[in-house]
Amino acid sequence: MSVNPNVVVVGGGFFGCSIALMLKQRGLQPLVVEAEDELLMRASRVNQARVHGGYHYPRSLMTAYRSRHNYQRFRSVYKEAIVDTFTKVYGVGRRFSKVTANQFEVFMKRIGAPLKPAPEGITKLFDSNLTEAVWIAEECAFDCSLLRERCQRDLDQAGIPVRLSTRVVSAAKCDDGSALVRLSDGSEWPVKIVINATYSGLNLLTSGSGLDTIPLKQELAEMALVELPPSLAGLSVTMMCGPFFSFMPYPSRGLTTLSHVRYTPHLQWLERPGEKVTDPYSRFHSLKKESHFTYMVSDASRFIPELRKAQYRDSIWEVKTLLPQTEVDDGRPILFRRDPGFPSIIHVMGGKIDNIFDVEDELDNILQSS
Ligand SMILES: Cc1cc2nc3c(=O)[nH]c(=O)nc-3n(C[C@H](O)[C@H](O)[C@H](O)COP(=O)(O)OP(=O)(O)OC[C@H]3O[C@@H](n4cnc5c(N)ncnc54)[C@H](O)[C@@H]3O)c2cc1C
């Protein structure tokens with residue numbers, strides 16, 4: 001390592017890697033520390049692969065608007081990882097939906113998200129007793145393997161060192177306000193700034209460092225990987241907005257994820273200030289992974305009978321981390337804050353992948369004020 005790092009970025013997911021690049025571009029010397037043996041192995045790999053275009057958030061104006069705003073930018077910055085060779089369909093359920101078809105249309109117009117009524121070849125796939133309306137939307141997917149290659153290449157080109165298979169155990173406050181970061185290999189790094197970009201592990205670092213817990217909701221999530229029948233090939237459907245389902249291409253495996261609001265979460269818990277933090281990764285490993293695919297497909301095929309012919313291939317599992325306030329409107333704001341008890345630590349969590357551009361704005365604000 002030719003230059004001593006002055007920032008440790010904890011977590012080599014998409015956010016940690018991207019933030020390390022931003023820091024380097026702003027003249028700092030980051031070191032990325034990642035617990036897994038490769039970059040982007042956790043939530044940045046195991047997710048629904050949707051580049052959000054705003055359609056998913058008809059109850060949160062800010063999240064929908066920011067998604068729309070970031071959508072084209074994400075597509076163009078990460079174009080080698082973009083997959084758009086499918087037709088994106090959104091439907092609104094007649095019963096139990098939190099929005100009506102009319103509200104959905106008005107909302108999408110407001111945020112500038114294009115919607116076209118679906119042609120008959122598509123609407124006839126849906127049970128019209130359960131489905132109020134169906135549209136074609138403008139939304140794409142990303143290939144997480146290509147995104148990982150891109151992050152790795154960018155870090156290499158920028159000369160940013162990465163420690164894999166290494167955990168950050170704690171950060172201790174020094175007299176001058178800087179941080180002494182302790183790694184699982186026993187080494188210690190005195191740095192000016194620590195970026196905690198560990199997603200579901202955020203509170204492992206706060207508790208290891210004797211800091212207050214950040215309120216978070218953790219969810220052990222399953223997405224089934226299926227092969228669609230020929231009648232649904234090239235389609236991706238998301239039913240809004242309630243206890244419904246979605247299927248999206250999962251490009252890195254050449255399959256389709258099937259997820260369901262009711263059956264994707266297997267276990268949920270809250271991390272709250274003043275309470276002991278349980279290790280989400282241990283919970284993840286100890287969970288008996290019995291698939292909910294049959295429940296997902298039985299419910300979803302009431303809306304799209306052809307889905308019954310989907311072939312189950314596998315499931316992917318991950319801890320999904322949410323800010324507790326998202327319970328109200330299902331929004332996905334970013335968490336970006338200096339630790340109140342230790343301002344050299346900045347906690348960052350993006351509820352979705354395109355939020356990275358919002359993080360960049362916040363980072364500039366905080367660096368300017370330092
Ligand atoms: C089931 C599911 C579906 C999703 N669907 C979508 C979607 O369709 N579209 C979308 O935009 N977003 C989606 N998301 C959200 C998206 O995946 C996340 O916003 C994003 O991946 C977060 O990136 P990250 O880098 O913060 O987290 P991660 O990729 O999890 O990276 C955090 C890294 O920190 C490492 N780490 C943790 N603790 C330590 C430590 N102490 N020391 C060193 N390293 C540590 C971990 O190993 C991990 O690699 C989904 C998430 C889940 C779980």
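**View A. Arg42 and Glu318 are joined by a salt bridge.** The closest approach of the Arg42 and Glu318 side chains is 2.8 Å, N to O; a salt bridge is counted when a side-chain nitrogen of Lys or Arg lies within 4 Å of a carboxyl oxygen of Asp or Glu. The two residues come from distant parts of the chain, 276 residues apart, with Arg42 in the loop between E2 and strand E3 (50-51) and Glu318 in strand E19 (residues 311-322). Helices (H or I, at least four residues) and strands (E, at least two) are DSSP runs, numbered from the N terminus. Both Arg42 and Glu318 are buried; buried stands for under 20% relative accessible area, exposed for over 50%, and partly exposed for values in between (1.4 Å probe, protein chains only). The model shown here is predicted: local features need pLDDT of at least 70 and side-chain atom pairs count only at pLDDT 80 or more, whereas totals for chains, interfaces and linings use all residues. Residues are numbered from 1 along each chain as its sequence is written, and side-chain values use heavy atoms, with hydrogens and water left out.

**View B. Further salt bridges occur elsewhere in the structure.** The structure holds 23 salt bridges. Side chains of opposite charge can pair when their charged atoms come close. One such pair is Arg150 and Glu80, at 3.1 Å, N to O. This pair also links distant parts of the chain, 70 residues apart: Arg150 belongs to helix H5 (residues 144-158), and Glu80 to the loop between H2 and strand E4 (82-83). Arg150 counts as buried because its relative accessibility is 15%, whereas Glu80 counts as partly exposed because its relative accessibility is 36%. Another salt bridge joins Lys352 to Asp354, with the closest N and O atoms 2.8 Å apart. Lys352 is buried at 6% relative accessibility, and Asp354 is buried at 0%. Salt bridges with shared partners also connect Arg26, Arg73, Glu360 and Asp364 into one network.

**View C. Six strands form an open sheet with mixed pairing.** The strand order is E9-E2-E1-E13-E21-E20; two strands are taken to pair if DSSP finds at least two bridges between them. E9 and strand E20 (335-339) stand at the edges, each with a single partner strand, so one side of each has no neighbour in the sheet. Strand E13 (residues 193-196) runs parallel to strand E21 (residues 342-349), and three bridges join them. Within this pairing, Ile195 is placed opposite Ile346 of E21.

**View D. Strand E2 is covered on both faces.** In E2 (residues 30-33), Pro30 and Val32 on one side and Leu31 and Val33 on the other are all buried. Strand E1 (residues 7-10) pairs with E2 in the parallel sense over four bridges, and Val8 faces Leu31 of E2 across this pairing. From E1 the chain passes through helix H1 (residues 14-25) to E2 in a right-handed β-α-β crossover; right-handed means that, with the strands pointing away from the viewer, the path from the first strand over the helix to the second runs clockwise. E2 is also joined by two bridges to strand E9 (residues 162-163), and these strands run parallel. Here Val32 is set opposite Val162 of E9.

**View E. Three strands form an open antiparallel sheet.** The order is E10-E11-E12. Strand E10 (168-173) and strand E12 (188-191) are the edge strands, each pairing on one side only. E10 and strand E11 (residues 179-183) run antiparallel and are joined by five bridges. Among the opposed residues, Ser170 stands across from Arg182, and Val168 across from Leu183. E10 and E11 make a hairpin with five residues between them, and Gly177 in the turn has a positive phi of about 90 degrees. E11 and E12 are likewise antiparallel, over four bridges, and Ala179 stands opposite Val191 in E12. Their hairpin has four residues between the strands, and Gly186 in its turn has a positive phi of about 90 degrees. Ala179, Val181 and Leu183 make up the covered face of E11, while Leu180 and Arg182 make up the uncovered one.
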